[in-house]
Amino acid sequence: MVERWQHFLAVARGQAPADLLLRDARMVNVASGEVERVNVAITGGQIAGVGDYTEAREVIDLGGEYLAPSFIDAHVHVESSLLWIDQFARAVVPHGTGAVVTDPHEIANVAGVPGIRALMEASENLPLGVFFTVPSCVPASPMESAGAVMTPEAIAEAMTLPRVVGLGEMMNFPGVLAGDSEIAAILSIPAPRRDGHAPGLSGKDLNAYIGSGMTSDHESVALEEAREKLRRGMTIMIREGSGQNNLLDLLPLVDDRTYPRCCFASDDRDAGTLLHDGHMDAILRKAIGAGLDPIRAIRMATLTPAEYWRLPGYGLVAPGYQANLVVFERLDDIRPRLVLFGGSVVAVDGRPEFEVTAPIPESLLNTVRVGTLTPDDLRIPAAEEMIAVGAIPGQIVTRKLTVKPTVQDGAVVADVERDLLKLVVVERHHGTGRVGVGLVHGFGLRRGALASSIAHDAHNIVAVGTNDADLIAAIEAVAALQGGLAAVADGQVLESLALPVAGILSPDPVEQVAATHHRLEEVARSLGSTVPAPFGLLSFMALSVIPEARVTDQGLVLVG
């Protein structure tokens, strides 16, 4: 240790050659808000010096290209990529991502603390800093049936695991406001940060929620909502995912006074979006294209999340920091050409330059247990009036709609002309046979059905369809895959994607998963779907802690 430090000092003082020299860089200094023309000396995976260094065992001449800290996703569920963690890294690292702070509550809802440990162990040797928050709400609420329960004791155990940086998003804000005793026990567990999740909360309720210990929020969908949360002390994570697009609405919040309290997060991005659109680099391009100062934007994807989460050695190009860096040609159109992690080149021109295989434990396989479904399980008794879920493309919030349903033979049926479809959720962890059924508006399907075992957060099987036969066929197709996505019409499976790891993840290469996912979305559109990401939207229809209406395996849930 002493010899390593002494060598570092010698390189920093110009008395010994560096391992690597990045020559002639336009360094984006997110600490001072300027661009410096410098050389950067790297040794032992760390930045030893920034300035006029010349001696190194290896030199990369950047020829005036821009150099910045690699990007940090301040809040993400890596499972939403549909990829096991090694393929997630292959998807995001070429886009300049050097670190993510992930809340693994998707895998925790299936497999609890052992699932979290498995994900942690699989992420150990990746060219990506993977930090964790401990899921605080598994299941998200008592109105969902998950595969595991994160008790206060389980959360306390998980808080001692490596690379844990805080308590995960406290989604059960109604429980917080009600003074629930179990929530109180969770909030009494020491944590360096407590991530918030407070969609639509304001006024005295927001004061009570923040005063209970939550320090950040990524759920704002409206400018004034985010502004109030920032005024009350929260760090605002501006979310731009595959199905939740809040950046343009919230970007006016960022100004000369507020920008140090704002950062970017993807929350949920699927494999196709990551592969073809990008990750944090895509968010930066969109923000800069909308008028945000590029250096300020880069700070919001580097130093600000690193300081908020207290990630050691991340977020800055400066002596002593990790040599996790990204090189690109244009400041106004960031497209990574080189990506370094620990001083080694790990991606070139959008291609990963590493191969890592992460282990998948047997305990995460064969987790889908569903009994035989019959039309009676999907029957809704005739009613003159009922509440339907109003899906909103591009958002995870929904609307509570009061509708007069179409009735045939004494039962409510789907009405494609009014875009009132059946929404079905089947419990899949314990084989209980429990089925929740309702109506949903906003998907636009004209025929067939879609089903998925990606159903935040409990990950039961959720399906939307125009008729019961296709709904049952789609649900059975997902169960036969031991988790996945399926599109069905006239009783035939038109396309499917297997997700056998915990019923939510694929072990296959990102390119293969993205291609199949794209075909599924195209098939959904051929069935009439009018939304940009139908499976992404479907995945949130059972999330019982987001306003205003949902369907879980326990039936209709009204929130807020």
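Between which strand and which helix does the loop holding Ser-80 lie? Select Ser-80 to begin: its loop runs between strand E6 (71-76) and helix H2 (85-92). Keep in mind as you look around that this is a predicted model.

**Stop 1: two serines in one loop**

With Ser-80 selected, check its surroundings. Ser-80 has a relative accessible area of 10%, and because buried means under 20%, it counts as buried. Leaving aside neighbours within four places in sequence, Ser-80 is in contact with Glu-106, Asp-268, Arg-269, Asp-270 and His-456.

Now click on Ser-81, which is in the loop between E6 and H2. Is Ser-81 buried or exposed? Its relative accessibility is 0%, so Ser-81 counts as buried. Show its contacts, again leaving aside neighbours within four places in sequence, and you will find Phe-88, Arg-269, Asp-270, Ala-271 and Leu-274. Then look at the side chain of Ser-81: one of its polar atoms lies 2.7 Å from the backbone oxygen of Val-78. Finally, add Ala-514 to your selection. Ser-81 and Ala-514 are 433 residues apart along the chain, yet 9.4 Å separates their C-alpha atoms.

**Stop 2: the whole chain**

Zoom out and colour by domain. The domain assignment gives domain 1 (1-64), domain 2 (70-306) and domain 3 (365-559). Taken over C-alpha atoms, the centres of domain 1 and domain 3 are 53 Å apart.

Next, select residues 67-341. An unreviewed UniProt entry places the feature "domain: Amidohydrolase-related" there. Over this stretch the chain is 36% helix and 18% strand, and 13 Å separates the end C-alpha atoms.

**Stop 3: the nonpolar cores**

Select Trp-84, Met-150, Phe-264 and Met-541. These residues touch the most other members of the largest nonpolar core, which has 138 residues. Which helix gives this core its largest share? Helix H3 (residues 105-122) does, with nine residues. Both domain 2 (70-306) and domain 3 (365-559) give residues to this core, so it lies between them.

Stay with Met-541 for a moment. Beyond its neighbours within four places in sequence, Met-541 is in contact with Val-389, Ala-391, Thr-398, Leu-423, Val-440, Phe-443, Val-462, Arg-550 and Val-551. There is also a second, separate core of 20 residues, which includes Val-368, Val-424, Ala-451 and Ala-486.

**Stop 4: a walk along helix H14**

Select residues 468-480, which form helix H14. At 1.5 Å a residue, the 13 residues of H14 should span 18 Å, and the end C-alpha atoms are indeed 18 Å apart, so the two values agree.

Which residues of H14 are buried? They are Asp-470, Leu-471, Ile-472, Ala-473, Ala-474, Ile-475, Ala-477, Val-478 and Ala-479. Show the strands around them: the buried residues of H14 pack against strands E23 (420-426), E25 (449-452), E26 (461-465), E27 (484-489) and E28 (492-498).

Now visit the two ends. At the start of H14, a side-chain oxygen of Asn-467 comes to within 3.3 Å of the backbone nitrogen of Ala-469. Just after H14, Gln-482 takes a positive phi of about 60°.

**Stop 5: a glycine in a loop**

Select Gly-179, in the loop between helix H5 (173-177) and helix H6 (181-187). Is Gly-179 buried or exposed? Its relative accessibility is 56%, so Gly-179 counts as exposed. Add Ser-212 as well: 33 residues separate Gly-179 and Ser-212 along the chain, and their C-alpha atoms are 9.7 Å apart.

**Stop 6: backbone details**

Most residues other than glycine have a negative phi, and most peptide bonds are trans. This last stop collects some exceptions.

Start with Val-138 and Pro-139, which are joined by a cis peptide bond with omega about 0°. Pro-139 sits in the loop between strand E8 (129-134) and helix H4 (152-158). Another cis peptide bond joins Pro-547 and Glu-548, with omega about 5°. Glu-548 lies in strand E29 (residues 548-552).

For positive phi values, select Asp-349, in the loop between strand E16 (344-348) and strand E17 (351-352). Phi of Asp-349 is near 50°, and Asp-349 is partly exposed, with a relative accessible area of 48%. End at Asn-366, in the loop between E17 and strand E18 (380-381). Asn-366 has a positive phi of about 55°, and at 53% relative accessibility it counts as exposed.

Methods. Residues are numbered from 1 along each chain as its sequence is written. This is a predicted model: local features need pLDDT of at least 70, side-chain atom pairs count only at pLDDT 80 or more; totals for chains, interfaces and linings use all residues. Side-chain values use heavy atoms; hydrogens and water are left out. Domain bounds come from an automatic or database domain assignment. Helices (H or I, at least four residues) and strands (E, at least two) are DSSP runs, numbered from the N terminus. Buried means under 20% relative accessible area, exposed over 50%, partly exposed in between (1.4 Å probe, protein chains only). Contact means heavy atoms within 4.5 Å. A nonpolar core is a set of buried Ala, Val, Leu, Ile, Met, Phe, Trp, Tyr and Cys residues joined through side-chain atoms within 4.5 Å. UniProt positions are given in the numbering used here, feature names are shortened, and annotations may be inferred rather than shown by experiment. The expected span of a helix is 1.5 Å times one less than its number of residues. A polar contact is a pair of N or O atoms within 3.5 Å; within protein, one must be able to donate a hydrogen and the other to accept it, and residues adjacent in sequence count only if both atoms are side-chain atoms.
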